[in-house]
Amino acid sequence: MTDALPLSYLALLVVLLGGASFFVVRQVLRTRRTELAMAELQNKLLQEKKGQARDYYELGSIMISKKLYVQAIKQLEKALKADDLSDGEPAALVHNALGYGYAAQEQYDLAIRHYKEALKQVPEYVVALNNLALAYERKQLMAQALAAYDQVLSLDPTNKAAGKRAEFLRKLTVVS
């Protein structure tokens with residue numbers, strides 16, 4: 001009877017280690033895929049004299065996901081200057097990503113400028129509007145932040161993040 005207890009612990013340990021191994025291998029493969037995509041885009045853009053906006057945007061997005069904000073901003077600015085960048089959604093995506101890169105570096109004035117530009121391109125771009133509200137909040141511009149969150153909620157009433165932030169800001173302004 002005493003031998004059964006250690007075997008059950010051993011079985012549990014094997015199951016836990018197997019599960020942990022699965023998640024580690026999955027993360028390694030995901031990281032490898034990201035690194036390969038980044039290397040391919042960098043090589044492609046080095047070989048071409050003038051890259052395409054989409055390639056610069058994709059490379060910048062990968063760099064943002066890796067928290068390489070300075071390098072990401074350089075790529076995204078190249079995307080804005082690319083001849084093939086069209087107005088509307090493509091330009092809005094680039095401006096929103098630039099805003100995110102600047103906000104991550106606490107350069108909120110530049111972030112706000114790019115979020116507003118994204119919204120000029122696509123006025124109902126909820127992600128950019130939510131990002132704009134957060135940038136206003138970080139700059140302590142609470143009235144503008146609340147107005148932006150309310151605008152998010154008018155476009156997407158189920159947006160939980162905007163709902164929570166708007167509720168918090170309303171309580172904050174009542175207390176003040």
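## A tour starting at N96

Select N96 to begin: with a relative accessibility of just 9%, N96 counts as buried, since the cut-off for buried is under 20%. Keep in mind as you click around that this is a predicted model. N96 sits in helix α4.

Now show the side chains of N96 and Y125, and you'll find a polar contact of 3.5 Å joining them. Setting aside neighbours within four places in sequence, N96 is also in contact with Y115, A118, V127, A128 and N131, along with Y125 itself.

**Into the core**

Next, pick L132. Which residues does L132 touch, if you skip those up to four places away in sequence? They are I112, Y115, K116 and L119. Y115, then, turns up in the contacts of N96 and of L132.

Add Y149 to the selection. Together with L132, Y149 touches the most other members of the largest nonpolar core, a set of 46 residues. To see where that core draws its residues from, colour these helices, each of which gives two or more:

- α1 (4-47) and α2 (53-65)
- α3 (69-81) and α4 (89-104)
- α5 (108-121) and α6 (126-138)
- α7 (142-155) and α8 (160-175)

In soluble globular proteins, nonpolar side chains tend to be buried together.

**Over to α1**

Jump to L45, found in helix α1. Is L45 buried or exposed? Its relative accessibility is 11%, so L45 counts as buried. Beyond neighbours within four places in sequence, L45 is in contact with G51, Q52, D55, Y56, L59 and Q75. For a sense of scale, draw a distance from L45 to N131: C-alpha to C-alpha they are 29 Å apart in space, and 86 residues apart in sequence.

**The largest pocket**

Turn on a surface and select A53, R54, Y57, E58, D84, L85, S86, E89, P90, L93 and V94, which line the largest pocket. Helices α2 and α4 are the elements that give two or more residues to this lining. The space inside comes to about 190 Å³. Colour the lining by class and you get six nonpolar, one polar and four charged residues.

**Two loop stops**

Finish with a pair of backbone oddities. K67 is in the loop between α2 and α3. Its phi is positive, about 65°, although K67 is not a glycine. At 59% relative accessibility, K67 counts as exposed.

Then go to E106, in the loop between α4 and α5. Here too phi is positive in a residue other than glycine, with a value near 60°. E106 is exposed, with a relative accessible area of 60%.

Key:
Residues numbered from 1 in each chain as written. Predicted model: local features only at pLDDT ≥ 70, side-chain atom pairs only at ≥ 80, totals over all residues. Heavy atoms only, no water. Core = buried A, V, L, I, M, F, W, Y, C linked by side-chain atoms within 4.5 Å. Buried < 20%, exposed > 50% of the residue type's maximum accessible area, 1.4 Å probe, protein only. Helix = DSSP H or I, 4+ residues; strand = E, 2+ residues; numbered from the N terminus. Contact = heavy atoms within 4.5 Å. 1 Å grid on protein atoms, 1.4 Å probe; cavity = no way out; pocket = protein on both sides within 12 Å on 5 of 7 lines; lining within 4 Å. Points joined across faces, edges and corners; volume = space filled by probe spheres on them. Nonpolar A, V, L, I, M, F, W, Y, C, P; charged D, E, K, R; others polar. Polar contact = N/O pair within 3.5 Å; in protein donor to acceptor, adjacent residues only side chain to side chain.
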